[in-house]
Structures are given as C-alpha cells and as structure tokens.
Amino acid sequence: MPDIESLLKEKRLFKPAREFTRAAHWNKKTVAEYRKLGQKNPTRFWEKMAREHVSWFAPWKKTLQWKPPFAKWFVGGKLNVSYNCLDRHLEGENAWRRNKAAIIWEGEPGDSRTLTYGELHREVCKFANVLKGLGVKKGDRVCLYMPMVPELAIAMLACTRIGAPHSIVFGGFSAEALRDRINDADAKVVITADGGYRRGQPFALKPAVDEACKGTPCVEHMVVVQRTGQDTAMDASRDHWWHDLMSEASADCKPARLDAEHPLFILYTSGTTGKPKGILHTTGGYLTHVTATAKAIFDLKDSDTYWCTADIGWITGHSYVVYGILANGATSFMYEGVPTHPGPDRFWDIIERWKISIFYTAPTAIRTFIRLGDEHPKKHDLSSLRLLGTVGEPINPEAWIWYHNVIGGKKCPIVDTWWQTETGGIMITPLPGAVDTTPGSATLAFPGVQAEILSEEGDVVAPPNGGFLAVTHPWPGMLRGIWGDPARFKEVYWSKWKNLYFPGDGAHKDKGGYFWIMGRVDDVMNISGHRIGTMEVESAIVSHPDVAESAVVGRPDELTGTAIVAFVTPRGGVDAGSQLAEKVRKQVTKEIGAIAKPKDIRFTNALPKTRSGKIMRRLLRDIAAGKEAAGDTSTLEDFSVLASLREADEN
Ligand code: WT7
C-alpha cells in the first residue's frame with residue numbers, strides 16, 4: 001500500500017484556470033447537469049452520450065439489458081468502429097478532415113510518417129481486404145504481436161471493419177506467453193513484424209512468433225510488416241509480407257454492419273490465479289464509453305496534437321491511442337521507442353518538435369524523468385502543452401507537483417485517471433475544466449459511473465475510512481466476460497458482493513467526496529502500471545528444474561511503484577547464489593517476458609507456511625519491504641523460517 005498517511009494529509013487544491021474552463025467542451029455547468037442526470041439515471045446519461053458521440057447505422061431498441069453479471073448495451077443497435085474512427089470524418093461537414101493528420105508517428109531512429117484521415121481510411125480498407133483474402137470472416141479472431149508502428153493501428157481498424165475481434169499481445173511478451181494467448185483465443189491469423197527498434201538497436205519479433213506457432217494448430221496465416229529489414233525466415237506455406245499483400249489489395253471495403261454487442265477485441269490481463277484472463281469488449285458500449293470520455297477528459301479539439309505514451313498492446317493504447325481519439329477526429333501522436341534514447345530528453349524534444357498539446361503518461365515514467373533531472377525538460381520549449389494526464393497506478397503527490405511545475409509550467413490541469421483493462425474506459429477522473437484537483441487523488445467518478453467504497457460485507461464505508469472500491473451500476477465500456485470462461489468472470493468480479501463489480505483495488509474517500517486509490521488488495525502486483533499476477537511468476541520460476549518452491553510478492557519501489565521479489569527454495573543439491581538467480585530471471589523472461597523479471601531474488605530453505613500449508617504472503621511482503629514481520633504469526637508452522645528469511649541475502 002502506498003503510504004495512506006501522507007495521502008490523507010494532502011490538502012493542496014488546484015482550480016482549473018478560467019481560460020481553460022471557458023474554452024472546455026465540458027464546463028462546470030455541463031458537468032453539474034451531467035452529474036445530476038448520471039446519478040439519477042445512468043442509463044439515460046449514457047444513451048445521450050451514445051447519441052451525441054457515436055454514429056449508428058441503426059438505432060438500438062433497449063439501452064441496457066442487465067441480467068447480472070451480464071450486461072448488454074444499446075441492444076439491437078448497428079454500427080461499425082472503423083466507420084466511426086474514419087469514414088464519418090470524410091463525409092458531410094467533417095469532410096475537411098480528409099487531409100487532417102489522424103496519426104503522426106515517429107520511429108525511434110527518427111523516421112516519421114503522417115497518415116491523414118483520408119490515407120488511414122485507404123490503408124484500413126486495403127488491409128481489411130487482405131484479411132478477407134486470407135479467409136478471415138466476421139467473428140474470426142486475429143492476433144496482433146507488433147511494435148509501435150502505424151501498421152498496428154491499421155490492422156486493428158481493419159479487423160473492426162470486417163467484424164473480426166482482435167487480440168493484441170504486447171511485443172514484450174515471450175513466445176510462450178504469445179502461444180498461450182493465440183491458443184486461448186483460437187486465432188486464425190497472426191500479424192507481426194520482422195522486428196522493431198529499441199534503445200538504438202533493432203530487435204526481432206518474427207522468430208518469437210515462429211517459436212510460438214510451433215504449438216498453435218489454429219494459425220493458418222501470418223502477415224509480416226517489414227520494419228527493420230533484418231534477415232527474416234519466411235515459411236512460404238504460411239507467411240506473407242504485409243507490403244506484398246497490400247500492393248494488390250483493393251481500397252474499396254464497406255464497413256460491416258455489426259451488432260452493438262458484437263465482440264470487438266480480447267485483451268489478456270493477469271489475475272490472481274492460473275493463466276491470464278482474456279478480457280472481452282464489445283462494440284457499441286465500448287465505443288460510446290471511450291469516445292465520450294476522451295472528448296470530455298482530454299478536452300480534445302481539432303487544433304490539438306494528443307500524445308499518449310502507452311504501447312497499443314495495453315488497454316490504454318487501445319482506448320486512448322486509437323479508438324477514443326480517432327473516433328473524435330483528433331490527431332493521435334504515436335512513438336515507437338523508449339523515453340531515454342538517444343538522450344534523456346527524447347520526450348521533451350518530441351513535444352517541442354511536434355507541438356504536442358495533450359500528454360498522457362504513467363506515474364512510473366514521471367518518476368523516471370524526475371530522476372533523470374530537470375535540466376532535460378528545461379532545455380525544451382514545452383509551451384504547446386495545455387493538459388496533462390496520468391494513468392496506471394496511484395501518483396505520489398511529489399511526482400504530481402513536479403509534473404505540474406516542470407512539465408506543465410504550472411498552467412496545465414492534470415487528469416489522474418483511474419480505470420482498468422476490464423472497465424474499457426476511464427471511470428474516476430477530474431474533468432479538466434470543472435473539477436479542482438488535489439495531488440494523488442483521481443477525484444470523482446465520471447458522470448454516469450457509480451462508484452463507492454464498501455466494506456467486506458458490502459456496507460458503505462464512511463469517509464475518510466478505507467475499504468474496497470466498488471462499481472455499483474453497469475457502465476457501457478464494462479467487460480462482457482472472460483473469453484471462454486464465464487465461471488471465472490463471475491468468481492473474480494462479481495462474487496464479493498451481490499451484483500456489484502469488484503475491481504480489486506483498495507480505496508477511500510476524503511471528506512470532500514474525492515476518491516483516493518490505494519492499490520491492489522489481491523495477489524496482483526502493479527509493476528510500472530502493468531498488472532502481473534504473483535502466481536504467474538511463481539509458476540514460471542518453479543518450471544525451472546533447479547527450483548523446488550517459490551513465493552512471489554511485491555515490495556514498494558521508488559521508480560516502478562512495485563518491484564517483484566521472489567523467495568526461492570532450490571532443489572536439493574543445487575547451489576543457491578547469483579548463478580541460480582540469473583537462471584531464474586532467464587526462466588521468467590522466457591515464460592512471460594522481461595516485464596515480469598524479479599528485481600530481488602532471495603534464496604531460502606523453507607517458506608513460511610500455515611499448518612494447512614498455505615504460504616503466508618503477508619509475512620513475506622513485510623520481509624521483502626524490509627519491515628519487521630510484525631503481524632499475527634500465530635498460525636505460522638515453523639518460526640525459525642522467519643529468522644532465516646530475514647537473513648537471506650539478496651541476489
Ligand atoms: C489497475 C488496472 C487502465 C490502464 C492502465 C492499467 C491501477 C490504474 C490508476 C490511477 C491509481 C490506478 C489500479 C487498477 N490503476 N489507474 N489513476 N490511480 N491506480 O490497466 O493493467 O488493467 O491495471 O491499475 O490498481 O486496478 P490495468
């Protein structure tokens with residue numbers, strides 16, 4: 001838990017600047033009206049959003065059908081996401097947007113590409129025809145495993161055009177992780193690239209897909225984008241170059257008329273147990289949610305150049321690099337590389353050169369920038385910025401203030417947005433023209449979203465006491481299920497209380513009604529804004545033949561929010577030490593990916609267990625954090641374990 005004490009004492013209040021409020025899409029009056037409507041009748045509120053923000057081929061018959069825990073929004077409505085993100089910006093009074101930049105992309109080596117709405121539409125239509133040519137039909141799953149290149153956005157939109165749900169797997173995941181996700185979604189086609197650039201070096205992606213596809217009988221075709229030009233083995237019976245297929249594709253492709261509840265995408269995220277969950281999102285509700293929130297929270301205007309630094313492989317990239325931004329006809333900036341290459345000022349250099357006006361990033365990135373030093377942002381003219389955002393984890397007030405002062409020049413509102421892969425879009429957030437902000441608080445629920453702090457029993461907890469965050473009314477962007485596993489869907493999100501959604505976060509409200517998110521309350525770690533299950537890392541570690549047992553916990557880390565600590569018991573006769581630690585880290589990288597690599601590895605002959613054999617994680621968390629394990633130890637089986645754990649060296 002981040003330190004609740006210091007957050008409770010945070011009193012600084014930042015009011016939206018008058019000029020900002022005056023020009024904002026949603027001013028105080030609008031927000032007050034929407035809050036009233038949203039509290040009285042959330043369904044009406046979202047209906048209004050759906051009408052105003054989304055273009056429908058046919059209207060819906062019922063706004064919400066709620067058979068807990070299964071919701072359907074805009075039942076009977078027909079629409080197409082790529083139509084909403086592209087075609088409608090080329091028609092009627094919006095036709096001028098044909099030559100407006102939809103995506104401005106910069107590669108890490110410094111190359112760049114701008115796709116206007118007209119050009120993006122053409123590329124998407126062509127690739128939709130490519131997919132059709134490969135036998136992809138409405139409802140077939142397509143897996144995307146790509147670097148941050150424009151082709152990733154093109155491929156996503158092409159999938160939506162023909163009604164083929166995509167499953168994007170972040171390029172940092174390993175071949176094993178990719179294989180499991182391809183199989184779980186039963187994907188017919190995989191789209192990838194020869195590689196990408198990171199820290200000045202080309203890296204390869206295609207070999208990982210080849211490795212994964214040794215165990216994926218469902219895959220019929222692979223499409224490969226040529227990004228780096230590195231030597232790439234192609235299997236003539238399965239693999240195709242993107243540019244070859246595109247050179248012959250027609251640019252004429254009608255958007256499919258899809259049901260509001262047609263599956264739009266699956267995105268895998270970690271849970272407390274077992275394999276990652278395939279979070280399912282559908283068409284009409286999701287699009288309504290992300291389009292309305294993007295417009296209101298980022299105050300998107302035609303004059304803006306908006307940059308969200310998230311990789312499209314995560315939900316933030318799906319909702320707020322691509323869908324929510326393009327549906328608003330805005331310009332989305334996309335960057336391929338890391339913040340620190342070729343120099344520590346890369347991001348500020350980009351903001352200056354491209355005149356970025358809205359910047360959305362993660363607290364872990366902000367803390368990295370603070371550590372790198374103020375001189376880097378100060379070298380650059382950041383005056384184009386007018387709004388800043390954060391997402392992924394609680395932001396510590398110090399980082400908030402630095403962001404406000406050094407990056408925002410004290411003039412930009414900051415929107416601290418709380419949401420999850422499962423919620424599809426932002427749920428708790430300031431509205432920049434209407435809500436006073438306090439460093440560390442995500443402030444209030446978005447109109448139409450009903451959230452509460454509840455006790456274990458489901459009673460409302462009085463401010464400022466802590467409890468569990470709950471969402472008490474269905475919302476349009478909510479997940480519709482876990483792919484292929486309705487029982488797990490019910491168990492994970494809907495079993496804590498009756499018919500209320502449990503996101504897995506602890507939180508409290510202050511006396512003014514502002515939410516303060518305190519972090520996960522389950523065995524899920526939030527590493528640099530990405531969720532990793534402790535169990536997932538444990539099973540990766542014990543899959544190494546030299547390991548007998550392992551327990552993984554998170555400990556607070558200044559930079560990444562949480563760092564992974566693995567307690568490892570080697571098999572008899574195996575030497576514990578830095579060599580084994582290296583092997584363990586390699587194993588995790590192979591099984592999951594480098595993001596899940598434990599920062600600390602501590603070898604021990606035994607793990608603290610209860611008499612019934614359950615590992616006492618609470619004790620391990622204390623030890624990992626360097627605290628005395630002070631909690632209740634009355635159920636501990638063998639006390640000597642504690643002493644020896646404290647003495648175990650870090651590796
Ligand atoms: C978890 C969701 C939503 C995109 C990024 C992560 C934490 C997210 C905040 C915030 C405090 C936050 C929560 C949540 N989280 N945003 N503004 N303040 N915590 O998506 O991987 O689905 O993780 O991230 O713990 O449950 P995700």
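In this predicted model, strand 16 (residues 305–308) and strand 17 (residues 331–335) pair in the parallel sense, with 3 bridges between them. Within that pairing, W307 has F333 of strand 17 opposite it. The residues of strand 16 point alternately: T305 and W307 go one way, Y306 and C308 the other, and all are buried. Beyond strand 17, the loop that leads to helix 13 (346–354) contains G337. With a relative accessible area of 12%, G337 is buried, because the limit for that class is under 20%. G337 and T309 are separated by 28 residues in sequence, while their C-alpha atoms are 9.6 Å apart in space.

**The open sheet**

An open sheet is built from 4 strands in the order 21-22-24-25, with antiparallel pairing. Its edges are strand 21 (451–454) and strand 25 (515–520), each of which pairs on one side only. On average, and with direction ignored, neighbouring strands in this sheet are turned by 45° against each other. Inside the sheet, strand 22 (residues 466–471) and strand 24 (residues 505–509) run antiparallel and are joined by 3 bridges. One position in this pairing places G466 opposite H508 of strand 24.

**The ligand and its surroundings**

The shell around the ligand holds 18 residues, of which D416, T417, T421, D505 and R531 come nearest. By class, this shell consists of 6 nonpolar, 7 polar and 5 charged residues. Which polar atoms of the protein lie at short range from nitrogen or oxygen atoms of the ligand? P394 contributes a backbone N or O atom, D416 a polar side-chain atom, and R520 an N or O atom in its side chain. The corresponding distances are set out below.

| Residue | Protein atom | Ligand atom | Distance |
|---|---|---|---|
| P394 | backbone N or O | nitrogen | 3.4 Å |
| D416 | polar side-chain atom | nitrogen | 2.7 Å |
| R520 | side-chain N or O | oxygen | 2.9 Å |

On its own the ligand has 560 Å² of accessible area, and the protein covers 96% of it. The elements that give two or more residues to the shell are helix 12 (315–326), strand 20 (414–417) and strand 25. Strand 25 is thus named in two settings: it is an edge strand of the open sheet, and it is among the elements with two or more residues in the ligand shell.

**The hairpin and helix 18**

Strand 26 (residues 524–527) and strand 27 (residues 530–533) run antiparallel and are joined by 4 bridges. The two strands form a hairpin with 2 residues between them, and S528 in the turn has a positive phi of about 50°. In this pairing I527 stands opposite H530 of strand 27.

T534 belongs to helix 18 (residues 534–542). Is T534 buried or exposed? Its relative accessible area is 4%, so T534 is buried. A polar atom of the T534 side chain lies 3.1 Å from the backbone oxygen of D523.

**Further sites along the chain**

S550 is part of strand 28 (residues 547–557). The relative accessibility of S550 is 6%, and therefore S550 counts as buried. The S550 side chain reaches the backbone oxygen of F567 at 3.2 Å.

Why is helix 20 (residues 617–624) described as largely enclosed by the rest of the structure? The description follows because 6 of the 8 residues of helix 20 are buried. The buried residues are R617, L619, L620, D622, I623 and A624. Just after helix 20, G626 adopts a positive phi of about 80°.

A17 occupies the loop between helix 1 (4–9) and helix 2 (18–23). Its relative accessibility of 31% makes A17 partly exposed, because that class spans the range between under 20% for buried and over 50% for exposed. A17 and K410 stand 393 residues apart in sequence, yet their C-alpha atoms are 10 Å apart in space.

Methods:
Residues are numbered from 1 along each chain as its sequence is written. This is a predicted model: local features need pLDDT of at least 70, side-chain atom pairs count only at pLDDT 80 or more; totals for chains, interfaces and linings use all residues. Side-chain values use heavy atoms; hydrogens and water are left out. Two strands pair if DSSP finds at least two bridges between them. Axes are lines fitted to C-alpha atoms, for helices over the stretch in contact, and angles run from 0 to 180 degrees between N-to-C directions. A residue is near a molecule or strand if one of its heavy atoms lies within 4 Å of it. A polar contact is a pair of N or O atoms within 3.5 Å; within protein, one must be able to donate a hydrogen and the other to accept it, and residues adjacent in sequence count only if both atoms are side-chain atoms. Accessible areas come from the Shrake-Rupley method with a 1.4 Å probe; for residues, only the protein chains shown count as cover. Ala, Val, Leu, Ile, Met, Phe, Trp, Tyr, Cys and Pro count as nonpolar, Asp, Glu, Lys and Arg as charged, and the others, Gly among them, as polar. Buried means under 20% relative accessible area, exposed over 50%, partly exposed in between (1.4 Å probe, protein chains only).
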